[in-house]
Structures are given as C-alpha cells and as structure tokens.
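I opened my notebook to write down what I looked up, one item at a time. Here is what I had on screen.

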Amino acid sequence: MFDVSEFLMKTLKGMIGNYPDFQVREYAANWYAKGKLTEDHLAEIDIAIEDQYKAEQLSEETEESIQEETIIDLEETKVE
C-alpha cells in the first residue's frame, strides 16, 4: 500500500538545500495540519535541516585546513 507520509518525507528531504528552510518547514507544517505528517516527522525534517548546516560548516573547515596546509607546504618548499 502507498504510504503518503513516506512520500512526503522523501519530497521534503529532497527540498532541503534546494529551497529556503522556511519553505521546507512551511510545506511540512501544512501537511502536518492536514494530518499527513506527525510531530516526529517535523522533528526529523528540522534535524535534517540542521545537519545540512553542520555538514556545510565541516566542509568549509576542511577546505580551509587543506588550504592552510598547502600554503605551509609551499612556504616550506621555498625555504628549502
């Protein structure tokens, strides 16, 4: 049998990062109001949105670290 809430959750998770957060949350809240999503679903969406920012921050920190290491390596190569 087709599970509407599963379909909606896949759709909402696919929206994360492609649409502004408020639109994802608004869409989820509308389906919650219609009884198709639960509070647990809303919490799952909220966590997914927050995880996106954590992943982006980690990626930026890793990129900065790699750039710093490259600069240090280049400076060491010039000294030698």
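**Entry 1: a pair of side chains**

Which residue forms a salt bridge with K13? I looked it up, and the partner is E44. The closest N and O atoms of the two are 2.4 Å apart. E44 sits in helix α3, residues 39-79, while K13 sits in helix α1, so the salt bridge ties together parts that are 31 residues apart in sequence. I also checked how open the two residues are. E44 has 35% relative accessibility and counts as partly exposed, because buried would need under 20% and exposed over 50%. K13, at 39%, is also partly exposed.

I noted one caution for myself: this is a predicted model.

**Entry 2: the whole chain**

Next I stepped back to the full chain. How many helices and strands does the protein chain have? I found three helices and zero strands. Along the sequence the pattern reads α-α-α.

Then I looked up burial. The chain has 80 residues, and 18% of them count as buried. Its accessible surface comes to about 6,400 Å². Carbon and sulfur atoms own 54% of that surface.

I also looked up contacts between residues with a separation of 6 or more. Of these, 57% join residues 24 or more positions apart.

**Entry 3: helix α1**

I went to helix α1, which covers residues 4-15. It has 12 residues. From the first C-alpha to the last I read 17 Å, close to the 16 Å expected at 1.5 Å a residue.

Which residues of α1 are buried? They are S5, L8, M9, L12 and M15. Their directions cover an arc of only 120° around the axis, so they are on the same side of α1.

After α1 comes G17. Its phi is positive, near 90°.

**Entry 4: a salt bridge inside α1**

How many salt bridges does the structure hold? The count is four. One of them joins K10 and E6, at 3.7 Å from N to O. Both residues lie in helix α1. They are four residues apart, about one turn of the helix.

Is K10 buried or exposed? K10 is exposed, because its relative accessible area of 59% is over the 50% cut-off. E6 has 43%, so E6 is partly exposed.

**Entry 5: helix α2**

Helix α2 covers residues 21-33. I tested its length against the rule of 1.5 Å a residue. Its 13 residues should span 18 Å, and the end C-alpha atoms are 18 Å apart, which agrees.

The buried residues here are D21, V24 and A28. They cover an arc of only 70° around the axis, which puts them on the same side of α2. Which exposed residues does the face turned away from that buried side carry? I found F22 and A33 there.

After α2 comes G35. The phi of G35 is positive, near 85°.

**Entry 6: from α2 to α3**

I followed R25 next. Its side chain meets that of E50 in a salt bridge, at 3.5 Å from N to O. The pair links distant parts of the chain, with R25 in helix α2 and E50 in helix α3, 25 residues apart. R25 is partly exposed, with a relative accessible area of 32%. E50 is partly exposed too, at 37%.

Which residues do salt bridges with shared partners join into one network? They are R25, D46 and E50.

**Entry 7: H41**

My last stop was H41, in helix α3. Why does H41 count as buried? Its relative accessibility is 17%, and buried means under 20%, so H41 falls below the cut-off.

I then looked up what H41 reaches. Its side chain comes to 2.8 Å from the backbone nitrogen of T38. Leaving aside residues up to four places away in sequence, H41 touches S5 and M9. Both S5 and M9 are among the buried residues of α1.

**Entry 8: what I keep**

I keep two cross-helix pairs in mind. E44 in α3 pairs with K13 in α1. R25 in α2 pairs with E50 in α3. The salt bridge of K10 and E6 stays within α1.

Terms used. Residues numbered from 1 in each chain as written. Heavy atoms only, no water. Buried < 20%, exposed > 50% of the residue type's maximum accessible area, 1.4 Å probe, protein only. Expected span 1.5 Å × (residues − 1). Arc of directions from axis to C-beta. Polar contact = N/O pair within 3.5 Å; in protein donor to acceptor, adjacent residues only side chain to side chain. Contact = heavy atoms within 4.5 Å. Areas by Shrake-Rupley, 256 points an atom, 1.4 Å probe, with all protein chains shown as cover.
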